[in-house]
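Here is a short report on the structure shown below. It moves from one residue to helices, a chain, a core and an interface.

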Amino acid sequence: MLAWTIYLSFAGALAEALLPKSRPALARWFALAVAVAGLVLAAVGFATYGGHGRVVFADAAWVPALGIRFTLAADGISLVLVLLTGLAAVAGVLFSWNIEQRTNEFFGFYLALIGGVYGVFLSFDLFLLFVFYEIAIVPKYFLIAIWGSTRREYGAMKLALYSFVGSAMVLIGLLTSYAMAGSKSTGLVELAQANLPVSAQMWLFPLVFVGFGILAGMWPFHTWAPTGHVAAPTSASMLLAGVIMKLGAYGCLRVAMSLYPHGMDPWGFSVLGIGSWRAVFALLAVIGIIYGALVALVQTDFKFVIGYSSVSHMGFVLLGLMTLNQIGMTGAVMQMFSHGVIAGLLFAIVGRIVYERTHTRQLAELETMNLGKRMPFAAWSFVIAGVASMGLPGFSGFIAELQVITGAWTTSPWWAVSVAVGIVVGVAYTWRALQKAFFSDRHTDPHLNEPGHELAAITWPEVTGVVLLLGASLAVGLYPRVLLDVVEPAVNALLAGGVR
Amino acid sequence: MNYWELFRITLPETMLEIAALLVLIVDLGLLRKAALQTRLVVAALLGVLGCIAAQGALVVAPAGGLILPGSTDVALATMGSAAVAQTCILALTVLTLFLLVNSDFTRHVGEFVAVILMAATGGLLVASAQDLLLIFVGLELLSLGLYILTAFAKRSGASAEAAIKYYLFGGMSAAFLLFGFSYLYGITGTTNLHAIMRGIYTPNAMQAAPLLYVALVMVLAGLGFKVAAVPFHLWAPDAYEGAPAPAAAFIASASKVASFALLISIGTAALHAFDGVMAAPMVTMGGSCCHGGFLGFVPAWSKLLIVLAGVSMIVGNLAALAQTNVRRLLAYSAIAHAGYLLLGLAFFSYTPRSAQAILYYIFTYGLTTVGAFGVVGVVEKATGSARLEAFLGLSKRSPMLAAVLLVLFLSLAGIPPLVGFWAKFNLFAAVLGVSMSRLAVGMVALAVAMSAVSLYYYLQVLKRAYVMPAVDDRPVEVHPTTLMVLVVIAAGVVLLGCFPALVQSWMASFYATM
């Protein structure tokens with residue numbers, strides 16, 4: 001049944017192209033219906049997933065001559081990410097309610113993107129996974145380039161080229177592993193069992209890990225992320241941070257780490273204390289966490305703050321993966337979910353709720369607008385979202401980051417200590433942005449409080465979207481077992497089956 | 001051989017020739033006073049019927065091929081790669097003819113269609129020929145047709161200029177080819193490809209190894225021109241830019257299929273020279289091993305192809321980045337695609353795997369390019385130019401046309417689930433199936449990296465069509481037939497990409513009985 005999330009989204013994308021162009025409202029409601037249906041399917045699939053391990057729900061020969069199969073399946077990790085995609089998709093439609101220009105096309109590209117994302121999370125054939133991965137990237141370009149804002153064409157092209165360089169690296173890995181395994185199958189399970197020679201894994205692992213890592217915002221290949229986020233229309237930056245970056249992290253876990261576990265073995269020598277690819281990528285992740293946070297601290301554009309905070313938060317995911325222990329990797333998956341929900345919410349507040357009413361994202365200008373009083377809903381949503389983003393207990397971010405740090409501590413205390421610095425800076429930049437944007441009482445223009453200067457009222461799609469995302473973060477924060485129960489067995493299976 | 005057999009085997013070519021003559025008679029004899037549109041439709045329809053008749057003749061052609069007296073080797077193949085390539089050529093010719101319906105670059109419709117059909121005849125011959133003389137005759141028939149087609153827009157200076165460049169380069173490369181052929185004949189004493197490949201390993205021939213290398217370089221220079229591989233590519237951008245759109249489409253599709261089919265014939269003949277004995281043992285046959293450092297035909301041939309492939313990929317893709325005219329952009333992209341294909345030929349498999357992968361690639365590439373030139377033709381007619389600016393706002397001016405362009409260009413860039421991605425994957429997987437050496441993996445990595453580069457210039461066109469604002473909002477008029485053909489091509493590109501096994505198994509069926 002989960003397979004229908006994919007089919008439905010693509011069918012929806014096609015239908016958007018055929019709906020009458022003169023009725024944007026119809027296109028909106030239709031997109032919302034498709035997204036909600038996807039979320040419902042994902043939720044039902046999540047709730048009814050009883051067993052542990054992999055549930056295959058579609059498996060057919062696709063290209064028999066080359067052993068390529070159409071294999072759709074899910075384990076605990078896929079399920080969590082499918083659920084996240086469903087949430088992000090619905091919220092994204094709600095926050096694009098104001099798209100008036102070329103509405104049909106917008107939602108067409110949007111749903112195609114969502115379909116591709118569902119596909120990646122559910123594919124258990126590497127070829128199929130790659131196909132969906134690329135399908136998810138192309139609409140991204142058009143969403144940003146057509147409906148974006150600041151330097152949109154530059155941001156969109158940069159994102160597209162970074163993504164395609166990454167996917168070219170993945171494709172080289174895919175082709176080589178396929179040929180090395182005897183050109184018999186591209187199934188993830190079959191390739192993992194093929195036991196590729198260690199020498200090959202040693203170069204395939206970094207190649208594919210970096211290939212996917214680019215999309216996960218891995219430092220120093222992260223520079224597409226802030227420009228892309230800022231250029232993108234609100235819903236696209238929500239998806240970008242919410243699910244597209246997760247595609248990269250998911251690929252790192254599902255492909256690079258599962259297929260080439262020996263690529264993480266020690267090299268046999270060490271340079272400056274780094275003796276394996278695992279240590280290299282853990283170091284990059286730690287740098288990403290701290291660097292992203294520090295850069296976020298000095299941004300003048302509100303959206304750039306969130307953009308760099310995404311780089312910082314995705315560092316936790318990559319670090320969690322590199323701990324190679326149960327608690328750290330579980331934390332990485334939890335962080336994927338948590339960051340997906342919270343970053344989506346932050347982008348929604350900044351890019352939609354605030355920007356649509358103030359027409360600026362410059363913190364210096366927002367400072368003078370007394371938004372805390374004039375827009376209490378936005379202010380308080382941002383307070384809660386910011387608190388969640390800092391990783392306060394009660395929200396999903398807390399449990400995720402706690403697990404990553406615990407996992408990192410067991411592997412190398414240095415990682416954990418450095419990350420703690422990142423968290424402190426994280427509190428600082430969130431606080432700074434919050435204070436400047438909403439609660440600054442300096443320079444307030446007194447005229448703004450007079451009649452005639454009211455900001456437009458908050459609309460129902462905005463309230464619904466905020467409630468949906470905050471609710472999800474809060475629910476997972478208060479009762480993390482709802483996700484942990486499915487993630488932990490899946491991580492254990494991965495650790496036992498390939499990744500040690 | 002008897003004449004009846006010869007007739008049956010060359011029936012497809014005969015059918016095309018008959019159709020060409022019929023078109024001339026009908027157009028020049030019966031329709032002299034008719035409107036241009038009527039003449040175009042009638043000529044194109046007759047041409048299409050000719051192709052269908054030729055296809056019918058292909059299906060009933062006897063298995064085994066034509067064997068000339070005094071020889072045991074096939075001179076004209078009717079099975080395997082030859083049959084696949086011939087079918088592809090006919091299909092692409094039909095599509096080109098459909099695109100002609102909406103054109104107005106010439107009043108000499110009958111001649112244009114007749115020349116296309118005659119060039120296609122040459123293509124069929126090249127695809128099946130296994131004998132140097134037949135190959136040369138076929139190639140010249142094809143090339144002469146292409147020169148004429150390029151020059152057909154008589155009112156356009158660019159067309160004449162393109163044709164004269166194409167003709168001069170072509171004439172010179174034909175001379176190279178013939179020179180190389182003469183050495184091959186001199187060394188081995190035969191004109192049959194299969195006999196030549198065996199003859200190379202006789203002691204006498206091995207003593208002449210340096211001459212053989214000269215011959216290989218000469219032959220490859222001649223064929224490199226046909227497939228527009230760097231450094232023999234200089235004609236391509238001008239020809240693609242100056243030729244009338246249907247002619248350019250034909251040059252870029254059907255003629256490319258024929259040339260690559262010929263390269264496949266050479267590769268297959270080389271590997272099958274001792275039927276089942278692979279290249280390495282062949283070296284030791286004939287008494288004196290490795291005379292004069294001669295390592296055999298296959299390694300030398302592969303090395304040359306690898307060089308051509310690498311240079312073509314790099315130059316084609318990088319030069320395309322700088323183009324401002326979509327036709328020139330397509331020309332450089334064609335050079336890049338030729339590079340990928342030459343890589344497939346350099347690491348060629350004994351089994352039909354590589355041949356199938358190459359034919360799959362070139363056919364789907366041809367299909368996509370015909371469509372692309374169709375779109376360019378329509379845009380040119382509406383705006384008078386094929387420069388990038390002409391595509392501004394196409395998604396508003398003609399949503400269908402823009403959607404077709406989107407599908408075709410993304411396919412050329414190799415984005416799944418479109419057929420271009422599948423073709424690339426299949427081709428590169430075939431290369432790695434032959435060799436997992438560092439060189440092979442490195443070349444595949446280069447090819448994949450270069451196709452990531454190619455996305456940039458394809459996106460430049462799509463950006464004009466979808467993202468940037470239109471300067472002119474008037475809708476673009478598209479002839480219903482043209483639009484239908486373009487939509488069919490785009491649908492084919494999507495469908496074949498989603499279900500690659502369809503064509504894959506269709507092709508495999510041609511090799512099943514071999």
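Ala13(A) sits in helix α1 of chain A, which covers residues 3–18. The model is a predicted one. Is Ala13(A) buried or exposed? Ala13(A) counts as buried because 22 C-beta neighbours lie inside 10 Å, and the cut-off for burial is 20 or more. Leaving out residues up to four places away in sequence, Ala13(A) touches Gly108(A), Leu111(A), Ala112(A) and Gly115(A). One of these partners, Leu111(A), is 98 residues apart from Ala13(A) along the chain. Their C-alpha atoms are separated by 5.0 Å.

**Two helices of chain B**

The table sets out the spans of α2(B) and α10(B).

| Helix | Residues | Number of residues | End-to-end C-alpha distance | Expected span |
|---|---|---|---|---|
| α2(B) | 11–30 | 20 residues | 27 Å | 28 Å |
| α10(B) | 209–226 | 18 residues | 26 Å | 26 Å |

For α2(B), the distance between the end C-alpha atoms agrees with the value expected at 1.5 Å a residue. For α10(B), the reach is close to the expected one.

Which residues of α2(B) are buried? They are Pro12(B), Glu13(B), Met15(B), Leu16(B), Ala19(B), Ala20(B), Val23(B) and Asp27(B). Seen down the axis of α2(B), the buried residues fall within an arc of 160 degrees, so they line one face of the helix. An α-helix has 3.6 residues a turn, so residues three or four places apart point the same way. On the other side of α2(B), Gly29(B) and Leu30(B) are exposed. The cover over the buried residues of α2(B) includes α3 (36–60), α4 (80–100) and α5 (109–128) of chain B.

In α10(B), the buried residues include Leu212(B), Ala215(B) and Met218(B). Val219(B), Leu220(B), Ala221(B), Gly222(B), Leu223(B), Gly224(B), Phe225(B) and Lys226(B) are buried too. Among the elements that cover the buried residues of α10(B) are α6 (132–150), α7 (157–188), α13 (254–271) and α15 (297–321) of chain B. Ala228(B) follows α10(B). The phi of Ala228(B) is positive, near 60 degrees.

**Chain B as a whole**

Chain B has 23 helices and two strands. Its C-alpha trace spans about 75 × 55 × 40 Å along the principal axes. How does its radius of gyration compare with that of a compact globule? A compact globule of 514 residues would have a radius of gyration near 24 Å, and the 22 Å of chain B agrees with this. Of the 514 residues, 60% count as buried. Among contacts in chain B with a separation of 6 or more, 80% join residues 24 or more positions apart.

**Core**

The largest nonpolar core has 416 residues. Those with the most contacts inside this core are Val80(A), Leu318(A), Leu319(A), Ile89(B), Val257(B), Ile358(B) and Val444(B). Helix α5 of chain A, residues 126–147, gives the largest share of the core, 19 residues. Val80(A) is in contact with Val333(A), Phe337(A), Leu483(A), Val486(A) and Val487(A), leaving aside its neighbours within four places in sequence.

**Interface**

How many residues does each chain bring to the contact? Chain A brings 29 residues and chain B brings 25 residues. On the side of chain A that touches chain B, the elements that give two or more residues are β1 (55–63), α5 and α6 (152–180) of chain A. The largest share of that side, 14 residues, comes from α6(A). By class, the side of chain A that touches chain B has 25 nonpolar, two polar and two charged residues.

Conventions. Residues are numbered from 1 along each chain as its sequence is written. Chains are lettered from A and ligands numbered from 1 in the order in which they are written. This is a predicted model: local features need pLDDT of at least 70, side-chain atom pairs count only at pLDDT 80 or more; totals for chains, interfaces and linings use all residues. A nonpolar core is a set of buried Ala, Val, Leu, Ile, Met, Phe, Trp, Tyr and Cys residues joined through C-beta atoms within 7 Å. A residue is buried if 20 or more other C-beta atoms lie within 10 Å of its own, exposed if 12 or fewer, and partly exposed in between; C-beta atoms are placed from the backbone. Helices (H or I, at least four residues) and strands (E, at least two) are DSSP runs, numbered from the N terminus. Two residues are in contact if their C-beta atoms, placed from the backbone, lie within 7 Å. Ala, Val, Leu, Ile, Met, Phe, Trp, Tyr, Cys and Pro count as nonpolar, Asp, Glu, Lys and Arg as charged, and the others, Gly among them, as polar. The expected span of a helix is 1.5 Å times one less than its number of residues. The radius of gyration is taken over C-alpha atoms; the globule rule is 2.2 Å times the number of residues to the power 0.38. The arc is that of the directions from the helix axis to the C-beta atoms.
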